[in-house]
There are 2 protein chains.
Amino acid sequence: LSGGTWLNGKLVTGNQQGISLRDRGLLFGDGLFETVRVYSGMPFAWPQHRKRLEAGCATLKIDCPLAEIERGMAALLQCVKKMQEGSLRITLTRGEAIRRGLLPAPGARPTLLITSQQGDPYPEHAYQQGFSAITVSFPRNHRSPLVRLKSLNSLELILGRMEAEAAGANEGIFLNLQGELCEGSVSNLFVVTDQGEIITPPVSCGLLPGIARALALDLASQQGFTAREEKISPSDLYSTSEAFLTNSLLEVMPLISLDGRAIGSGLPGPVVTRLRRIYREHVQAFISSNY
Amino acid sequence: LSGGTWLNGKLVTGNQQGISLRDRGLLFGDGLFETVRVYSGMPFAWPQHRKRLEAGCATLKIDCPLAEIERGMAALLQCVKKMQEGSLRITLTRGEAIRRGLLPAPGARPTLLITSQQGDPYPEHAYQQGFSAITVSFPRNHRSPLVRLKSLNSLELILGRMEAEAAGANEGIFLNLQGELCEGSVSNLFVVTDQGEIITPPVSCGLLPGIARALALDLASQQGFTAREEKISPSDLYSTSEAFLTNSLLEVMPLISLDGRAIGSGLPGPVVTRLRRIYREHVQAFISSNY
């Protein structure tokens, strides 16, 4: 058993069940998702994910079935006993199309799909090596409400990730319409200045307010770093001493190059290494406090 | 029987079959669609739709199973005997996710779903009344490759359409990043100048190259109109004498107001009425030539 699946109120076996051919998630990408990291069988930072999902549902005017989501998560974590390390993907769509066309009809029942994935998302050597990135060839629209939502409309991000792959890089970094650094296809971006300050672009630059991003900012501040939101230009990133990427699965991943140019020494630096340790210690404390 | 469904190589009965829970169309909106009008049981302008679908597949690097698509369309049109008037929606996704994450894995088999909808899409009185529209509150990113694709990422369009609905209007019109008129949530936009010229924004403004848009341009030229692509500002639209919207189901729909202000007389005008007649005559000729 490599994972389990919860669909609309019950546990189902992997590939036998399907989503309705009329689901608006499929037809229009009309829905949201969250990826929750599981440590020692426990969902991490769920209150923060829940809050973001609720905010997204409010924007899209989708009823958020919170109780059912929590019931499904608990059932999955109980059922998939072997899953100590892994993640849950919660996919929530507006449900079946009741009528033709884009406009949602009132009364649709949202479709809830939760799947579990087992295992550590990234191997340790990935962190020792660090990630390379390229700048994506087209900008994110920071004036669109979508950039702040974790929506099922991932095609721009996929195209950015494909550009990275074609260049042999791990991640594609988007600029916004003003040419400011924005975010990666699946990650938020941080730089470490020569003064040891930790900086990430504000949400107004057009990015997903990442759960790991907020946590990294908090933890860095608690540990005495100056950590703040500020616009970052590509030249800032080229000349910075260290940089890193965050998301709930990556945690804190050193970023060692952009567009083939080394960032700092081109190796994971001391500040990023320390931040990664701080993040891991926080995770350990979470695990301990829940046993 | 209100319609039929073709899924991955065979006709299926409406709601019993489902899409894989791991389909990238569902998880990421990773796919494309086309809506083809059916007149007298025959698909209209299929070569043009096919060409656009192939171009989109090339951009997304999805293998386009053209032969299977045409086999499915033919099977559906034969099976749904009663469908003289209606449409086919062809949905093509990248297929099942083979691995975790955004990056497509090579070797995925695309998912092909074709559904039929019966009946005339819009009643005659809709054309006599015309459509009202509002300007959507956020811009389309004309620098994104997505705006030229008929992709499954429809959430921005849905939000625009919901804004229109909330204002009691039929359609939401998007501006691009430069404040130029772009397109509606499901339609292309045309204006008729005081000199009787017919103008629509060029594709470079950030819009879907509509099949009905191209046809309307062609037919207008053939009938002696000056019809061309040119940028249109909101003030151009406010001061124009007539305007209209096109798509494969709407055909030529008079646009009678924007943001609560009447366009021209606020009634369907003579040029639009004539263009709609020309479009219908072209459809009749298509039907006759295929019998």
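**Aromatic contacts and chain symmetry**

At a relative accessibility of 6%, Phe138(A) counts as buried, because residues under 20% relative accessible area are classed in this way. Phe174(A), with a relative accessible area of 0%, is likewise buried. These values come from a predicted model.

A search of the whole structure for aromatic pairs yields 10 over all chains. One of them joins Phe138(A) to Phe174(A) in an edge-to-face arrangement, with 5.6 Å from centre to centre and 70° between the planes. The pair links distant parts of the chain, 36 residues apart: Phe138(A) belongs to the loop between β8 (131-135) and α5 (155-166) of chain A, whereas Phe174(A) lies in strand β9 (residues 171-175) of chain A. In chain B, Phe138(B) and Phe174(B) also form an edge-to-face pair, at 5.6 Å centre to centre and 70° between the planes. Here Phe138(B) is found in the loop between β8 (131-135) and α5 (155-166), and Phe174(B) in strand β9 (residues 171-175) of chain B. Both Phe138(B) and Phe174(B) are buried.

Further aromatic residues of chain A, namely Tyr39(A), Phe44(A) and Phe286(A), form one aromatic cluster. Rings also face charged groups. The charged end of Arg89(A) sits over the ring of Phe33(A), 4.0 Å from its centre. Between the chains, Arg100(A) lies over the face of Tyr122(B), at 5.6 Å from the ring centre.

A turn of 180° and a shift of 0.0 Å along the axis lay chain A on chain B with an RMSD of 0.0 Å; that is the relation of a two-fold axis. The same surface serves both copies, as 100% of the contact residues of chain A recur in chain B.

Definitions and conventions. Residues are numbered from 1 along each chain as its sequence is written. Chains are lettered from A and ligands numbered from 1 in the order in which they are written. This is a predicted model: local features need pLDDT of at least 70, side-chain atom pairs count only at pLDDT 80 or more; totals for chains, interfaces and linings use all residues. Side-chain values use heavy atoms; hydrogens and water are left out. Copies are superposed by least squares on the C-alpha atoms of residues with pLDDT of at least 70 in both. Contact means heavy atoms within 4.5 Å. Rings of Phe, Tyr and Trp (its six-membered ring) pair if their centres lie within 6.5 Å; planes under 30 degrees apart count as stacked, over 60 as edge-to-face and the rest as tilted. Helices (H or I, at least four residues) and strands (E, at least two) are DSSP runs, numbered from the N terminus. Buried means under 20% relative accessible area, exposed over 50%, partly exposed in between (1.4 Å probe, protein chains only). A charge sits over a ring if NZ of Lys or CZ of Arg is within 6 Å of the ring centre and within 35 degrees of the ring normal.
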